[in-house]
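Colleague: Could you take me through this model, one question at a time? I would like to see the reasoning behind each answer.

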Amino acid sequence: MAAAAAGGGGPAARELFAEGLLQFLRPAVRQLDGHVHAVRESQVELREHIDSLATELCRINEDQKVALDLDPYVKKLLNARRRVVLVNNILQNAQERLRRLNHSVAKETVRRKALLEAAGGYPQGLPGK
């Protein structure tokens with residue numbers, strides 16, 4: 001395979017190497033996509049908790065007979081919420097890139113399999129999925 005990677009093999013060796021590389025990357029991309037999705041869900045949950053807590057602090061502040069200045073805490077919560085939203089946007093962009101990469105890998109796999117089948121079948125050792 002090192003010869004195929006270096007360009008020393010023929011077209012079949014390069015195709016075999018490319019297919020192996022695509023098969024190697026696909027699970028990692030899917031796993032990373034799953035992790036990003038889980039983090040995004042927890043970010044949404046955290047944002048909801050921050051909103052709820054800010055609302056509750058405002059309600060407590062209004063109900064208190066003695067005026068407590070909870071505004072700095074509410075501002076800190078809102079700042080934390082802003083950061084959570086920012087991280088969520090970054091994760092959303094990363095997840096979209098992963099989705100496009102996964103789609104490209106799948107499309108390339110189909111294209112390469114079609115080329116190999118047109119050339120007379122898979123080389124020895126290559127699974128015909």
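Modeller: Happy to, and please keep in mind that this is a predicted model. A good place to begin is the UniProt record, an unreviewed entry, which annotates residues 77-111 as "coiled-coil region".

Colleague: Thanks! What percentage of the span 77-111 is helix in the model?

Modeller: The C-alpha atoms at the two ends of residues 77-111 lie 50 Å apart. Strand accounts for 0% of the span, and helix for 100%.

Colleague: How are helix 2 and helix 3 oriented, roughly parallel or roughly antiparallel?

Modeller: Helix 2 spans residues 11-63 and helix 3 spans residues 71-118, and their axes lie 8 Å apart at an angle of about 160°. Angles over 145 degrees count as roughly antiparallel. Therefore helix 2 is, relative to helix 3, roughly antiparallel.

Colleague: And how many residues of the contact of helix 2 with helix 3 are nonpolar?

Modeller: The two helices cross in a left-handed manner. Their contact includes twelve charged and eight polar residues, while the nonpolar ones number 26.

Colleague: Which helix gives the most residues to the largest nonpolar core?

Modeller: That core has eight residues: Ile50, Ala54, Leu57, Leu70, Val74, Leu77, Ala80 and Val84. Helix 2 and helix 3 are the elements that give two or more residues to this core. The top contributor, with four residues, is helix 3.

Colleague: One last thing: what is the relative accessible area of Pro27?

Modeller: Pro27 sits in helix 2. Its C-alpha is 9.5 Å from that of Asn102, although 75 residues separate Pro27 and Asn102 in sequence. Exposed means over 50%, so Pro27 counts as partly exposed, with a relative accessible area of 48%.

Note on methods:
Residues numbered from 1 in each chain as written. Predicted model: local features only at pLDDT ≥ 70, side-chain atom pairs only at ≥ 80, totals over all residues. Heavy atoms only, no water. Axes fitted to C-alpha atoms, helices over the stretch in contact; angles between N-to-C directions. Parallel < 35°, antiparallel > 145°, perpendicular 65-115°, else oblique. Left-handed = near helix turned anticlockwise from the far one by under 90°. Nonpolar A, V, L, I, M, F, W, Y, C, P; charged D, E, K, R; others polar. Buried < 20%, exposed > 50% of the residue type's maximum accessible area, 1.4 Å probe, protein only. UniProt positions renumbered as here; feature names shortened; annotations may be inferred. Core = buried A, V, L, I, M, F, W, Y, C linked by side-chain atoms within 4.5 Å.
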